[in-house]
Amino acid sequence: VSLQYQRKLLRDPRFAQRFRFLFGRWRAQIYYYQSLRLLRNLLLAAIPTLLPYDEPQVQVTLLVFVLSASLVAQLRLRPWRVDALNLLDGGLTVALLLLLIIMGTSLCTSADGVASTACGMTRSQSVVSTLLVSLMMAAGLLFAVVQWRRSLSSSTSFDIFLSHHKGGAG
């Protein structure tokens, strides 16, 4: 559908309405971004599922690569129609990357080089990750409050209400 977007949009007026769920979130110039987003989500689900569970370093490395590539594409293209959503999407991806990197450093290897997940996090990693999660939650809450306040303050107020409704006229 993404490959046919430009050609079909002009010929079929119902095309935009029918596939609004695919293209409605993105700026018109970045109509293909939904395909990139679906590929990213597929890779994020497939990497931990399809790769062997006894090689978590490979999984973490590939997940960091996919999220980093996604972040670069998102920051470069700025696909969302609303600037605040571009900022939110980039911030959430950075937060995921930071948590993944912190958790990835807690993976241990045994003497023979085989990955072991039995080591766990050190106390400092636990404190840093807890602080990071708390900071992300606070930033998300602050972002939501700022956006809410901005939506309330942008409403236009009118001194006079003029109605052309004739139903109550005498």
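This passage describes the helices, helix contacts and salt bridges of a predicted model. Residues are numbered from 1 along each chain as its sequence is written. Because the model is predicted, local features need pLDDT of at least 70 and side-chain atom pairs count only at pLDDT 80 or more, whereas totals for chains, interfaces and linings use all residues; side-chain values use heavy atoms, with hydrogens and water left out.

The chain contains seven helices and two strands; helices (H or I, at least four residues) and strands (E, at least two) are DSSP runs numbered from the N terminus. Read from the N terminus, the order of the elements is α-α-α-α-α-α-β-β-α. Of the 170 residues in the chain, 26% are buried, where buried means under 20% relative accessible area, exposed over 50% and partly exposed in between (1.4 Å probe, protein chains only). Among contacts (heavy atoms within 4.5 Å) with a separation of 6 or more, 53% involve residues 24 or more positions apart.

Helix α7 spans residues 123–153 and has 31 residues. The distance from its first C-alpha to its last is 45 Å, close to the 45 Å expected at 1.5 Å a residue; the expected span is 1.5 Å times one less than the number of residues. Buried positions in α7 are Gln125, Ser129, Leu132 and Phe143, and the buried residues of this helix pack against α6 (83–105).

The axes of α6 and α7 come within 10 Å and cross at roughly 170°. Such axes are lines fitted to C-alpha atoms, for helices over the stretch in contact, and angles run from 0 to 180 degrees between N-to-C directions. The two helices α6 and α7 are therefore roughly antiparallel to each other, a term for angles over 145 degrees (under 35 is roughly parallel, 65 to 115 roughly perpendicular and the rest oblique). Residues making this contact include Leu99, Ile102 and Met103 of α6 and Ser129, Leu132 and Phe143 of α7.

Ser129 illustrates this packing at the level of one residue. The residue lies in helix α7 and is buried, with a relative accessible area of 6%. Leaving aside neighbours within four places in sequence, Ser129 is in contact with Leu99, Ile102, Met103 and Met121. Ser129 and Ile102 are 27 residues apart along the chain, yet their C-alpha atoms are separated by 6.9 Å.

A second helix pair is formed by α4 and α5 (residues 56–77), which pack at an angle of about 165° with their axes 9 Å apart. This angle makes α4 roughly antiparallel to α5. Participants in the contact include Leu36, Leu43 and Ile47 of α4 and Leu62, Val66 and Leu77 of α5.

Side chains of opposite charge can pair when their charged atoms come close. Two salt bridges are present in the structure, each defined by a side-chain nitrogen of Lys or Arg within 4 Å of a carboxyl oxygen of Asp or Glu. In one, Asp89 pairs with Arg37, and the closest N and O atoms are 2.9 Å apart. This pair links distant parts of the chain, with Asp89 in helix α6 and Arg37 in helix α4 (residues 33–50), 52 residues apart. Both Asp89 and Arg37 are buried. In the other, Arg78 pairs with Asp83, the closest N and O atoms being 3.9 Å apart. Arg78 is partly exposed, with a relative accessible area of 37%, whereas Asp83 is exposed at 53%.
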